[in-house]
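Hi,

Here is the structure I promised to pass on. Have a look at it first, then read my notes below.

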Amino acid sequence: MTTPSSWVPGDVPPADEVTAAYWDATREHRLTVQRCGTCGHHQHPPRALCTGCGGTDALAQVDTSGAGSVDTFTVVHRAPRPDVPVPYVLARVRLAEGPLVLTRLDGHDDPESWALGDAVTVAWTDLPDGRALARFVTEGGAPTIPTEETR
């Protein structure tokens with residue numbers, strides 16, 4: 001079983017003009033989604049236009065509750081890099097606010113024991129540059145995991 005503390009993220013793309021507000025919020029361990037001020041649609045990840053109405057002028061990052069449920073998942077048994085312990089769980093989580101988030105799941109001793117509909121909450125893995133990666137854990141939570149560089 002892969003424990004959450006054994007996860008070391010690989011390279012994470014830098015922020016750009018579309019994603020900067022999202023990444024800034026992660027520095028404070030706030031999970032945000034993009035909201036269109038024109039039609040009210042919520043989306044993730046941030047985009048240059050609203051996938052609901054096509055608008056480009058009224059997009060802003062808004063805080064979420066960090067709660068969601070497992071929409072689908074897969075257990076990964078073949079690592080993408082030699083330093084990634086397996087097995088681990090990748091999932092699509094439906095946030096309480098509606099958008100889907102592709103993420104990592106942690107919190108079960110047996111990765112195969114996750115089930116569709118399991119309640120989850122956001123947890124964080126800190127990155128060396130001050131940003132953080134959202135991951136999801138069984139409801140009840142888990143602490144933030146600092147990486148070697150942020151300890």
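**What I found**

The mean pLDDT (the predictor's confidence in each residue, from 0 to 100) of this protein is 89, and 87% of its residues reach 70 or more. Residues 1–5 fall below 50, and this stretch has 12 contacts in the model beyond near neighbours in sequence; a contact means heavy atoms within 4.5 Å. Where pLDDT is low, the predicted coordinates should not be read in detail.

Some ground rules: this is a predicted model, where local features need pLDDT of at least 70 and side-chain atom pairs count only at pLDDT 80 or more, while totals for chains, interfaces and linings use all residues. Residues are numbered from 1 along each chain as its sequence is written, and side-chain values use heavy atoms, with hydrogens and water left out.

Now the fold: you'll find 1 helix and 8 strands, with the helix coming before the strands from the N terminus on. Both come from DSSP runs, numbered from the N terminus: helices are H or I with at least four residues, strands are E with at least two. Of the 151 residues, 38% are buried, meaning under 20% relative accessible area (over 50% is exposed, in between is partly exposed; 1.4 Å probe, protein chains only).

One residue to click on is Leu116, in the loop between strand S6 (100–106) and strand S7 (119–126). Leu116 counts as exposed because its relative accessibility is 60%. Leaving out residues up to four places away in sequence, Leu116 touches Val70, Asp71, Thr72 and Phe73. Its C-alpha atom is 7.7 Å from that of Ser69, 47 residues away along the chain.

Cheers
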